[in-house]
Amino acid sequence: MLEACEITCIKRDRTLFEGISLSVDAGDLLYLRGPNGAGKTSLLRILTGLSAPDSGTVRFNSVDIAVNASAYLSNLVYLGHKSGTNGSLSAIDNLKFWLAQHSANADDDALYETLARIGLVGLEDVPVRYLSAGQQRRVALSRLWLKKASVWVLDEPFTALDTKGVALLEQFMKHHVENGGVVITTSHQALSEEAGRYRVFDLEYRF
Ligand SMILES: Nc1ncnc2c1ncn2[C@@H]1O[C@H](COP(=O)(O)OP(=O)(O)OP(=O)(O)O)[C@@H](O)[C@H]1O
């Protein structure tokens, strides 16, 4: 489904990684590990098409995403390590805005149901800046329930979540891959058995 071929990434004068290749298919959960500064976010951004590699290609269903990104983008949810929410808007309005950006739809019932599922009952209409860090993270994660996309690319999605939140997300990742999806995630905490089967891709820090 998604292949990275011979990818090299250079930031300033440091080569973060050189000539790396990986591929994920339906049913794969790939856990990208590595120390601070190894280049995990840089790699995820390349895999989503947000950054171009210094060399190499990324293909979705055999098509280079640099040549034709539209089929890929409609099948992708990327959640960066920041929550990416607008603090002045409520959770509901954040989700509506995000859905509009992604040409996706959900009625109000579905939005309230999703926020309830992720533990935000009673907080749906509060400006997000008044929510706790973990609650803001939950607003961001609720997008996973709302857009039908086969590829999830998640950068430190567990940050600020409590133990129940971590388990909920791991179970949802497992559900996604068991239903033919793909998850690529970073985390500085090991995945638990709630996440099901996964592969590890280690990125070393290069000087
Ligand atoms: N746009 C940029 N310009 C210059 N240097 C950058 C840029 N983006 C990232 N870097 C550098 O690349 C290195 C890797 O950053 P990256 O965010 O990919 O690491 P990471 O593995 O995700 O780290 P962490 O675990 O701390 O989140 C860092 O040293 C960072 O300073």
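Okay, let me start with a question: which residue stands opposite Y31 in β9? It's V200. Keep that pair in mind, and keep in mind too that what we're looking at is a predicted model.

So, the sheet that pair belongs to. It's an open sheet of five strands, in the order β6-β7-β8-β3-β9, and the pairing is parallel. At the edges you've got β6, residues 76-79, and β9, residues 199-202, each pairing on one side only. From one strand to the next, the twist averages 15 degrees.

Let's walk through the pairings. β3 and β9, where we began, are parallel over four bridges. β3 also pairs with β8, again in the parallel sense and over four bridges, and there L32 sits opposite T186 in β8. Then β7, residues 151-154, runs parallel to β8, residues 182-186, with four bridges joining them. If you want a landmark for that one, find V151: its bridge partner in β8 is V182.

Now, the other sheet I want to show you. This one is open as well, with four strands in the order β2-β1-β4-β5, and here the pairing is antiparallel. β2, which is 14-24, and β5, which is 63-64, stand at the edges with a single partner strand each, so one side of each has no neighbour in the sheet.

Start with β1 and β2. They run antiparallel and are joined by seven bridges. Together they make a hairpin with two residues between the strands, and R12, in the turn, has a positive phi of about 50 degrees. Hold on to R12, we'll meet it again in a minute.

A4 is a handy residue for getting your bearings here. In β2, its bridge partner is L22; in β4, it stands opposite V58. That second pairing, β1 with β4, is antiparallel over five bridges. Moving along, β4, residues 55-60, is joined to β5 by two bridges, also antiparallel, and R59 is the residue opposite D64 in β5.

And here's where α1 comes in. It packs on this sheet, touching β1 (2-11), β2 and β4, and its direction makes about 130 degrees with that of β1. But look at the five-stranded sheet again: α1, residues 40-48, also lies across β3 (29-33), β6, β7 and β8, running at about 155 degrees to β8. So how much of α1 is buried? Seven of its nine residues are, so the helix is largely enclosed by the rest of the structure. The buried ones are K40, S42, L43, L44, I46, L47 and T48. Then, just after the helix, G49 takes a positive phi of about 85 degrees.

α1 has company on the five-stranded sheet, by the way. Helix α7, residues 163-178, lies across β3, β7 and β8, at about 145 degrees to β8.

On to the ligand. Which element gives the most to the shell around it? That's α1, with three residues. The full set surrounding the ligand is K11, R12, L16, G34, N36, G37, A38, G39, K40, T41 and S42. So there's R12 from the hairpin turn again, and K40 and S42, which we just listed as buried in α1. By class, the shell has two nonpolar, six polar and three charged residues.

One more residue before I stop, and that's R138. You'll find it in helix α5, residues 133-141. Buried or exposed? It counts as buried, because it has 25 C-beta neighbours inside 10 Å, and the cut-off for buried is 20 or more. Setting aside neighbours within four places in sequence, R138 is in contact with I118, G119, L120 and G165. Its C-alpha atom is also 8.2 Å from that of L115, which is 23 residues away along the chain.

Last, the annotation. UniProt, in an unreviewed entry, lists residues 2-203 as "domain: ABC transporter". Over that stretch, the chain is 31% helix and 25% strand, with the end C-alpha atoms 18 Å apart.

That's it from me, happy to take questions.

Note on methods: Residues numbered from 1 in each chain as written. Predicted model: local features only at pLDDT ≥ 70, side-chain atom pairs only at ≥ 80, totals over all residues. Pairing = 2+ DSSP bridges. Axes fitted to C-alpha atoms, helices over the stretch in contact; angles between N-to-C directions. Contact = placed C-beta atoms within 7 Å. UniProt positions renumbered as here; feature names shortened; annotations may be inferred. Near = placed C-beta within 6 Å. Nonpolar A, V, L, I, M, F, W, Y, C, P; charged D, E, K, R; others polar. Buried ≥ 20, exposed ≤ 12 C-beta atoms within 10 Å, placed from the backbone.
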